[in-house]
Amino acid sequence: MARVLDITDRLTFDGNPSLKIRDKVLEVNADAPTMLKVMSFMQDGGVGNEQVVEAYNLVFPEKSQKAIEEMKLSINDWMIVVQAAMELITGPASETQGEA
């Protein structure tokens with residue numbers, strides 16, 4: 001029989017983190033594939049408009065997107081929400097780029 005290594009106790013299954021805005025709690029996708037894509041945006045020398053929209057669609061599940069849309073945020077506030085979500089799953093930009 002082939003060898004089996006059970007690593008279940010090494011893994012965390014805590015679910016996704018969330019952002020809180022007023023009385024709304026917005027789930028943020030923090031799975032590895034999403035995180036790696038978002039991190040690649042941040043490492044490619046900055047995040048352009050197209051990448052911000054793509055990051056928004058990756059980072060926020062549909063339910064969270066709907067709640068954000070209902071808030072009728074200004075573009076500046078919307079960008080802050082997206083940036084905060086990206087930092088939540090990747091850490092602050094300086095950590096992502098290896099700076100301390």
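Colleague: Is Phe13 buried or exposed?

Modeller: This is a predicted model, and in it Phe13 is exposed, because its relative accessible area is 64% and the cut-off for exposed is over 50%.

Colleague: Where does Phe13 sit in the chain?

Modeller: Phe13 lies in the segment before strand S1, which spans 18-21.

Colleague: Which residues form a nonpolar patch with Phe13 on the surface?

Modeller: Leu5, Ile7 and Leu11 join Phe13 in that patch. Together the four have about 420 Å² of accessible area.

Colleague: Now the rings. What describes a pair of aromatic rings?

Modeller: A pair is described by how far apart the ring centres are and by the angle of the planes. This structure holds two aromatic pairs. In one of them, Tyr56 and Phe60 are 5.5 Å apart centre to centre, with 50° between the planes, and the pair is tilted.

Colleague: Why is the pair of Tyr56 and Trp78 called tilted?

Modeller: Its planes are at 50°, and the tilted class applies because that angle is neither under 30 degrees, which would be stacked, nor over 60, which would be edge-to-face. The ring centres of Tyr56 and Trp78 are 5.0 Å apart.

Colleague: Which parts of the chain does this pair link?

Modeller: Distant ones: Tyr56 belongs to helix H2 (residues 49-59) and Trp78 to helix H4 (residues 75-90), 22 residues apart. Through ring pairs, Tyr56, Phe60 and Trp78 are linked into a cluster.

Colleague: Are the rings' residues Tyr56 and Trp78 buried or exposed?

Modeller: Tyr56 is buried, at 7% relative accessible area. Trp78 also counts as buried, because its value of 18% falls under the 20% cut-off. Phe60 is buried too.

Terms used:
Residues numbered from 1 in each chain as written. Predicted model: local features only at pLDDT ≥ 70, side-chain atom pairs only at ≥ 80, totals over all residues. Heavy atoms only, no water. Patch = residues over 30% accessible without salt bridge, like charges linked within 9 Å, V, L, I, M, F, W, Y side chains within 5 Å. Areas by Shrake-Rupley, 256 points an atom, 1.4 Å probe, with all protein chains shown as cover. Salt bridge = Lys/Arg side-chain N within 4 Å of Asp/Glu carboxyl O. Helix = DSSP H or I, 4+ residues; strand = E, 2+ residues; numbered from the N terminus. Buried < 20%, exposed > 50% of the residue type's maximum accessible area, 1.4 Å probe, protein only. Phe/Tyr/Trp six-rings, centres within 6.5 Å; stacked < 30°, edge-to-face > 60°.
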